[in-house]
Each structure stands twice: as structure tokens, then as C-alpha cells.
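Me: Please take a close look at a single part of this structure and explain, in formal terms, how the helices there pack together.

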Amino acid sequence: MFRLLGIHRATTARVPAMLRRLLSSSVETMQQEDSTTHSKVLTLETMNPNVRTMEYAVRGAIPIRAEELGAQLKKQPNSLPFSKITPCNIGNPQQLNQKPLTFLRQVSALMEYTDLLSPEMIDGTRKLFPEDAIERAKRNLSYVNNAVGAYTQSLGIQEIRENVARFIANRDGYPADADQICLTTGASGAVERVLDILVSNPNVGVMIPIPQYPLYTATLAHLNAQAVPYYLQEESDWQLSIDDLKRALAEARSQGTDVRALAVINPGNPTGGCLLEDNIAEIVKFCEQEKLVILADEVYQTNIYTGTNPFVSFKKVVSKLGSSVELFSFHSISKGMIGECGRRGGYYEAVNIDEQIMGQLMKMASVSLCPNVQGQMAVDIMVNPPQPGDASYEQYQSEVSAIYESMKRRAKKLAAAFNSLPNMSCNDAQGAMYLFPRVELPQAFVDEAVARGQQPDAAYCMQMLEATGISVVPGSGFGQVPGTFHFRSTFLPPEELFDEFIDGFRHFHEGLIKRYS
């Protein structure tokens with residue numbers, strides 16, 4: 001039972017007490033009772049087994065332990081060797097004090113409390129809000145008949161989808177069609193929907209990068225489908241090898257797997273790599289030749305920190321090549337300089353997709369009624385921000401630039417810190433919000449972890465948490481080349497606290513290496 005939840009028995013003592021009691025009770029029940037004697041209809045034995053096998057390391061045993069330690073610090077502030085939890089396990093910028101963009105919050109506030117726009121209050125509102133925020137709120141409210149609490153069109157608000165299409169066309173230099181764009185509850189909801197329609201039976205396979213964002217393996221497990229791994233090349237800044245794609249595809253098909261799609265995360269999560277345009281062109285040609293649908297996860301497209309690897313969309317390359325390959329590309333308000341994870345806004349664009357399939361996707365969207373309305377409004381601001389001459393333009397650009405430059409500095413500083421440590425190497429972050437350093441763990445530490453039934457990198461990360469309060473995700477949660485060990489860390493802690501964050505990590509790592517070497 002513990003293994004199915006991604007929690008090894010040796011670490012169950014660290015699971016919060018209530019969850020631990022529930023898990024232990026469940027195990028005992030499964031061992032002692034036949035399913036026919038259960039008083040409950042829904043049990044671990046009768047539930048959907050695909051849900052049981054799902055794992056999501058980003059919110060796994062280590063973050064659970066971090067929450068427990070955080071609760072302990074609230075009750076007993078001086079009871080641990082650190083004063084706070086530093087959650088570097090997830091790309092959640094505002095949790096680590098990234099400032100929300102003023103214009104987005106102003107428009108949101110006006111849309112939520114529409115009385116501020118009434119004739120009786122508008123004069124006072126103009127003393128607090130810039131004119132372009134007021135006008136944007138009025139315009140966006142007109143899209144929903146002044147009712148942000150009402151359902152919208154299932155594919156999302158038409159006017160916002162048209163703005164997304166203009167954004168894509170301006171970005172790529174090729175036209176986009178609003179009718180091929182669907183607004184969604186975050187990019188994750190879009191990915192899940194597309195995978196859902198792709199998987200028709202348990203023999204269907206989807207190629208996924210290793211290391212990968214666990215959304216893909218978790219969703220495929222839920223759908224009872226096959227994950228077909230291919231390896232990114234760490235020694236080449238996490239570029240994608242066409243030879244390895246061919247190897248993985250041939251191996252899967254030789255075993256009878258019906259491989260239908262290739263997932264690509266660019267810029268990369270957890271690696272921070274960014275694919276070169278020539279590499280993307282190779283991938284497009286490969287997928288067209290092998291009849292594979294491309295799933296392009298591009299939610300970090302504005303998080304680019306190097307001039308050598310600019311972001312190039314798969315849509316642009318497909319258009320440039322005149323390719324007939326089927327493509328879904330995904331974007332989100334959760335990342336970039338927006339960082340509005342909790343508002344759950346995103347979209348997908350469908351390219352070269354069969355018209356009847358588009359109809360089926362429309363049906364799937366209808367079942368969910370509509371995406372989060374405030375998420376849709378945030379997507380509108382992401383793709384259509386204040387323009388030169390608007391009252392909020394200079395402030396918006398200043399805030400975006402400040403967040404970007406700070407993130408760029410933190411990415412460089414953390415990579416340099418990792419590379420300065422013994423038994424550790426790390427590629428620079430070309431994009432995204434993460435570094436994925438490689439750790440050469442001492443053999444004595446590895447042997448000790450294995451003897452306890454733990455993954456060595458998970459044991460390393462758990463010890464890091466309990467020594468420093470820093471919560472990261474072990475590389476085994478993303479997949480890695482066998483025999484190697486990594487972890488993923490965001491570089492989102494506030495810049496003014498970054499030296500303290502790095503010093504705490506350095507002290508832990510050097511102490512562990514010294515003890516076990």
C-alpha cells in the first residue's frame with residue numbers, strides 16, 4: 001500500500017499522523033479481511049486501480065513531511081534547526097513572495113466588485129485605479145454580460161480566444177485560428193483532456209521525456225495507458241536526441257505498443273533546457289514520418305535566460321516547414337512573469353487536427369461546462385497586456401522586467417553554487433524555473449538508503465528537508481538515467497533571502513558528503 005502511494009515503509013514515520021493512521025488501517029484491513037466482508041462499498045480493493053497506481057512526486061512524501069514540519073514550527077517556533085520551510089519543490093512563484101502584476105489585480109478587483117464601476121462610485125474609483133484598468137474591466141465584463149460568476153462558452157470566451165490567436169500570430173509570424181483554440185483550467189487540464197482523447201485502450205503509448213514532469217506519467221497511469229520513455233541528453237544541455245527517439249519508438253512498437261504521440265516540454269521541466277530550432281525541426285519531421293501527434297508543453301516560453309537558446313514554438317516550426325503533423329500546444333498563466341498559479345488559466349491550440357476530433361474535444365469541454373472565468377480573464381491580460389500609450393504600460397513593463405531580471409540572476413547564482421560543491425554538477429538554466437543538478441552520492445549513503453528500502457536521492461532530499469527546511473523533489477520522481485541521482489529545485493526563493501537559502505543547502509550537502517566519504 002505504501003509503495004503504491006510512492007511512500008517507502010522506511011519513511012512512513014515521517015508521514016503526518018492522521019494519514020499514517022489511515023494508511024496503516026488500510027493495510028491491516030486489506031490483509032485481514034476479504035473484500036466481501038467490508039462494510040464500505042468504496043474501499044482500496046474496489047476503487048479504480050488506476051488511481052491507486054498514480055504517483056505525483058511534486059506533492060509526494062517530502063512535501064507532506066514539509067507541511068508537518070511547518071505546522072510544528074507554528075506551534076513550537078524554536079523546535080527545529082531552521083525557522084521556516086522553503087518550498088522549492090514546485091513552481092509556485094507567489095508562494096515565495098513574487099509580486100503579482102498590478103494591472104492584472106486591478107482589473108480582477110474591478111471585475112469582482114462591479115459596484116466600483118457604477119455611476120455612483122466611478123469618480124472615487126478613478127482616484128484609485130488607472131483609466132486603462134477601468135476600461136479593460138468594463139470591456140471584459142461585457143464579454144460575460146457583467147456576470148463573472150456565470151458560466152461562459154465551453155471553449156472559453158470567444159473574444160479572449162481571438163486575442164490568443166492574435167498573440168500566437170504575432171509571436172510566430174503565422175496565422176492562428178480562434179476556432180482551433182480552447183481556454184482551459186490551467187495547462188494541466190488541457191494536457192489531461194488531450195491525453196484522454198488520445199488513449200482508446202490500454203495498449204496505447206505516449207512517448208515522454210526522461211526526466212519529465214510527473215503530470216504525464218500520472219495521467220497515463222490514470223488512463224491505464226503506456227508511457228514510452230526517451231532520454232534527454234544531460235551532456236548536451238538536455239537537448240533531444242533523434243537517435244534515442246528512434247530507439248525508444250522501435251523498442252515500444254516491437255513489443256506491440258500502439259505509440260500515438262510524443263510529449264515535449266520546452267523549455268524543460270525539470271531540466272531548465274531549451275530546444276534549438278534545428279532540433280525542433282528534426283522532431284517535427286520525425287513525428288510526421290512516424291505518424292505521431294506532438295504534444296508541445298510550452299508553459300515556460302517567457303522564462304528564457306540565454307541568448308543562445310531562444311524560445312521557438314512548435315507551431316512556428318510546423319508552419320515554417322509546411323508540415324501536416326498533428327500538433328497540440330499548451331500555455332498557461334501559472335508560469336512566466338504572471339505566476340498566477342491559483343487562478344488556473346491556460347489554453348491549447350490544435351493544428352492539423354481532424355475536424356471530427358475537434359467536435360469531440362468540444363463535447364469534452366461541454367461536459368466540464370466552462371473554464372475558470374477569472375483564469376480566462378488573466379489569460380486575456382497575458383496575451384494582450386497594456387500597450388504603449390496606455391496609462392499602465394510603463395508600470396506593467398517595469399514589473400515584468402524586474403521579475404524577469406531577478407529570476408535570471410537567481411538562476412545563474414544557484415547554478416554557480418551547485419557547481420561549486422563537491423560531488424555535484426549542474427547545467428545552467430536556459431529557461432523555465434528549475435535546476436536539475438546531478439549528485440554523486442557516496443556509495444555508503446546509497447547502500448544505507450537501499451538497505452532501508454529507500455531511493456537514495458529521495459533519502460538525500462528528505463535529510464535535506466529535515467536539516468534545512470528546504471523542500472525539493474528527488475530525481476527519481478521525474479525519471480533519470482539508471483545509476484544517476486538528481487533533484488529538482490526551483491530558484492524562486494526571494495532574492496534578498498537567496499544567500500541564506502544557498503548557505504543552508506551548502507552546509508547540509510558538504511556535511512553529508514564528509515560523513516559518508
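Reply: Helices α3 and α17 are roughly parallel to each other, a term for angles under 35 degrees (over 145 counts as roughly antiparallel, 65 to 115 as roughly perpendicular and the rest as oblique). The model is predicted, so local features need pLDDT of at least 70 and side-chain atom pairs count only at pLDDT 80 or more, whereas totals for chains, interfaces and linings use all residues. Residues are numbered from 1 along each chain as its sequence is written, and side-chain values use heavy atoms, with hydrogens and water left out.

Helix α3 covers residues 61–75 and helix α17 residues 456–468; their axes lie 10 Å apart at an angle of about 15 degrees. Axes are lines fitted to C-alpha atoms, for helices over the stretch in contact, and angles run from 0 to 180 degrees between N-to-C directions. Helices (H or I, at least four residues) are DSSP runs, numbered from the N terminus. From α3, Ala61, Ile62, Arg65, Ala66 and Leu69 make the contact, and from α17, Ala458, Cys461, Met462, Leu465 and Glu466; contact means heavy atoms within 4.5 Å. By class, this contact of α3 with α17 has eight nonpolar, no polar and two charged residues (Ala, Val, Leu, Ile, Met, Phe, Trp, Tyr, Cys and Pro count as nonpolar, Asp, Glu, Lys and Arg as charged, and the others, Gly among them, as polar).

Helix α17 also packs with helix α18 (residues 498–516): their axes come within 10 Å and cross at roughly 125 degrees, which means that α17 is oblique to α18. Here Tyr460, Gln463, Met464, Ala467 and Thr468 of α17 meet Gly504, Phe505, Phe508, His509, Leu512 and Arg515 of α18. The contact of α17 with α18 has six nonpolar, four polar and one charged residues.

Technical notes. Helix = DSSP H or I, 4+ residues; strand = E, 2+ residues; numbered from the N terminus.
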